Each structure stands twice: as structure tokens, then as C-alpha cells.
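Reader: Hi! Could you walk me through this one? I'd like to start with the pocket.

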Amino acid sequence: MRRLGGWLSAVCAVLMLSAFGGGGVAPDIAAMTAPRMLHTATLLADGKVLITGGVVSIDLVALDSAELYDPTAKTFTALTARMISLRNQHTATRLPNGLVLIAGGSNNGDGDGMNTAEIYNPATQTFTALAATLTTPRGGHTATLLKNGRVLLTGGFFNSSSGLATAELYDPATQAFTAIAGTMTSAREGHAAALLRNGQVLVTGGSTSHVGLNTAEVYNPATQTFSALAATTTIIRMAHTATALPNGQVLLVGGAEPGFSTLDFAALDSAELYDPVANRFTAMNATLATPRGGHTATLLPNSKVLFTGGGTGSHTLVEILDTAEIGAR
């Protein structure tokens, strides 16, 4: 996740996959205002989607720009305000009060995690630095809003050689990050996470020490502990997305499968569903038109899933895209 020679030159094209397993695509959606990979996309209270940061070139120099997607007009508009810091491989989480917590990431191609955070205010369309810092610098991590209003941050990388199994919580009431004693069952970076209906958090895939994972685990907020699932994903995935669907299942899409070295991987066009009742991952027949990773997936109010940005190619040639599409049920 930290180096383009790893999974970073993953996939491209931006498609919209229906939240119910495929369907047609609507080609009339406008392009983003900038090509982006390793960025974030966050659904705001007004139904628009905030897109922040990422990278625009293979040297992994991060962006501080942001834009908004309007699902009614199907257009992207650049924000005048810039983020406080350059960031890629960061997280962005809408808090219960409507503000967006932007945390961690990396601002260079050396694979160094950041411990800073900032807040986006949709009312003023401005970014403000948060005084509190993460307990551990991390990039390539996940952030999930829990039912109690706190945000769970898991894993990621500290630097180019240190993957993390640690986790921490952000409390909007105190505006503070606190490390939790429980650690993940495996160090992970480039993984994905989604909130389940029972309030627990599903964590899937990623890599550790450049080795891809097909394992999954769940975080229990009541005990602040992680437990490995017996079920495994149908294939190894890293740089993928995980989206909790209205029916309670979780949709995993795209990503990359590592090969025998950090310069050898295969981008993915596949998708699968996790059923928490059956505790089972099932491959979907539908596939993406183009393999992709380093993208985002956002569940829209109409229950469709928006995918933005991403890259295509290999470790020798990567094209980062500004395109976006939306899937029809």
C-alpha cells in the first residue's frame, strides 16, 4: 500500500456496481475535477459526497484538494478550500454531528504514516486542524463510525517496514484519540472495514509484510476486542472496498491480489458478498468491466454504490483516473 511497486498500481476505471449485485451502468455521470487514487469519499448529511486527497501521479505525492459529488446533478465540483495537510491513504468519517473527521495517511512516497487529523465542516466548506493527534502515526488504515458515536481506527502502517495490529478510538465528545488494549488478530494495511447490523465491525483482507491476506476478523465494541472469523474471503484482496448494504450484507469489490514479490500482483475485477448470518463469503457472478483498486465506494441514499477514481496498469505503468460511473439496479 505504501509503494507503487506493491498493490498500489492496482486497477482503474470507475464503475458503479449495484448494491444488489450488478446491473447496468449510467455513462452520463461527469468526471471528477482531478484524477485520484488512494483518496476518500464520504457521504454527507445532505446526500452529497465529499472526496478528499489521494494521489494524482505514480510518485505518490499527496493532494490537499477536495471536491463534492452531487448525486442529483451527477457532477463533481472542486472546493475552494484546501485540506490542512497533503494526504493519501487516509480516512474520512462523517461524525454524528455532520462534521467529517479526516485522520492519518501519508504525505510522501516513503511510506511514513501521519498522526495528524483535521475536521471538514460542510456548512462552511472549510477544513480545520484538530489539536488532538492519533496515538500512533498510521496510513493505509480503516476508520469506522460505531453505534456509540465513536470512530474505530484499525491497523495500517507506521513506516515502510512496520505494519500495525493496533487500534484506537476517536471520541467526538472529547475530541481525543485513545489506544485500545485489544489488538487485531493480524497486522493489516490496505484492508477494508464495514459496520455490521449488530454493531460489530467486519475487517477484511489487506496485507502484512507484503503478504496478501484472505482472512477476516470482527471487532466487538462491548469488549474492545478482535476475534478471527473462521470464514475467509473467496480470494486474497488488498486495496479493495467494503460496503455495508441495506440488507445487512457487506459487498467487497475489486482490489489487488499480490504475487510472489512486491512487484508482482494481479488486479481484480471480482466482487463477493459477506453474509453475517451465515458467516460466509460468496463470490458474485458479476464482475467489473475493468479491474481496479485504490478506489472508493460510497453507499448513496438510493442504495446504489458510487465508485470514484482508482488506477490501472502495472508496477511499470499506472494511469490514475478521474472518471466515475453509477450502477443501475
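Reader: What classes of residue make up the lining of the largest pocket?

Author: By class, that lining has 20 nonpolar, 22 polar and two charged residues. Keep in mind that this is a predicted model.

Reader: Thanks! And how much space lies in the largest pocket?

Author: About 1,300 Å³. The lining consists of 44 residues, and those closest to the centre of the pocket are Ala41, Ala143, Ala193, Ala242 and Ala297.

Reader: Which elements give two or more residues to that lining?

Author: They are strand 2 (40-43), strand 6 (91-94), strand 10 (142-145), strand 16 (192-195), strand 22 (241-244) and strand 28 (296-299).

Reader: Let's pick strand 22. Thr241 is found there; is Thr241 buried or exposed?

Author: Thr241 has 7% relative accessibility, so it counts as buried, the cut-off being under 20%.

Reader: What is Thr241 in contact with, leaving aside its neighbours within four places in sequence?

Author: The contacts of Thr241 are Ala192, Leu251, Leu252, Val253, His295, Thr296, Ala297 and Phe307. Ala297 is also one of the residues closest to the centre of the largest pocket.

Reader: Nice. Switching to aromatics: how many aromatic pairs does the structure hold?

Author: Five. One of them is Tyr69 with Phe76, a tilted pair at 4.8 Å centre to centre, with 40 degrees between the planes.

Reader: Are those two rings' residues, Tyr69 and Phe76, buried or exposed?

Author: Tyr69 is buried, with a relative accessible area of 0%, and Phe76 is buried as well, at 9%.

Reader: And what about Tyr170 and Phe177, why is that pair called tilted?

Author: Their planes are at 45 degrees, with the ring centres 4.8 Å apart. Planes under 30 degrees apart would count as stacked and over 60 as edge-to-face, so this pair is tilted.

Reader: How accessible are Tyr170 and Phe177?

Author: Tyr170 is buried, with a relative accessible area of 2%. Phe177 counts as buried too, at 9% relative accessibility.

Reader: Let's zoom out. How many helices and strands are in the chain?

Author: There are one helix and 32 strands. Of the contacts with a separation of 6 or more, 56% are between residues 24 or more positions apart.

Reader: What share of the chain do buried residues make up?

Author: Of the 329 residues, 55% are buried.

Reader: Last one: how much area does the chain expose?

Author: About 12,300 Å², with carbon and sulfur atoms supplying 52% of that area.

Technical notes: Residues numbered from 1 in each chain as written. Predicted model: local features only at pLDDT ≥ 70, side-chain atom pairs only at ≥ 80, totals over all residues. Heavy atoms only, no water. Helix = DSSP H or I, 4+ residues; strand = E, 2+ residues; numbered from the N terminus. Buried < 20%, exposed > 50% of the residue type's maximum accessible area, 1.4 Å probe, protein only. Contact = heavy atoms within 4.5 Å. Areas by Shrake-Rupley, 256 points an atom, 1.4 Å probe, with all protein chains shown as cover. 1 Å grid on protein atoms, 1.4 Å probe; cavity = no way out; pocket = protein on both sides within 12 Å on 5 of 7 lines; lining within 4 Å. Points joined across faces, edges and corners; volume = space filled by probe spheres on them. Nonpolar A, V, L, I, M, F, W, Y, C, P; charged D, E, K, R; others polar. Phe/Tyr/Trp six-rings, centres within 6.5 Å; stacked < 30°, edge-to-face > 60°.
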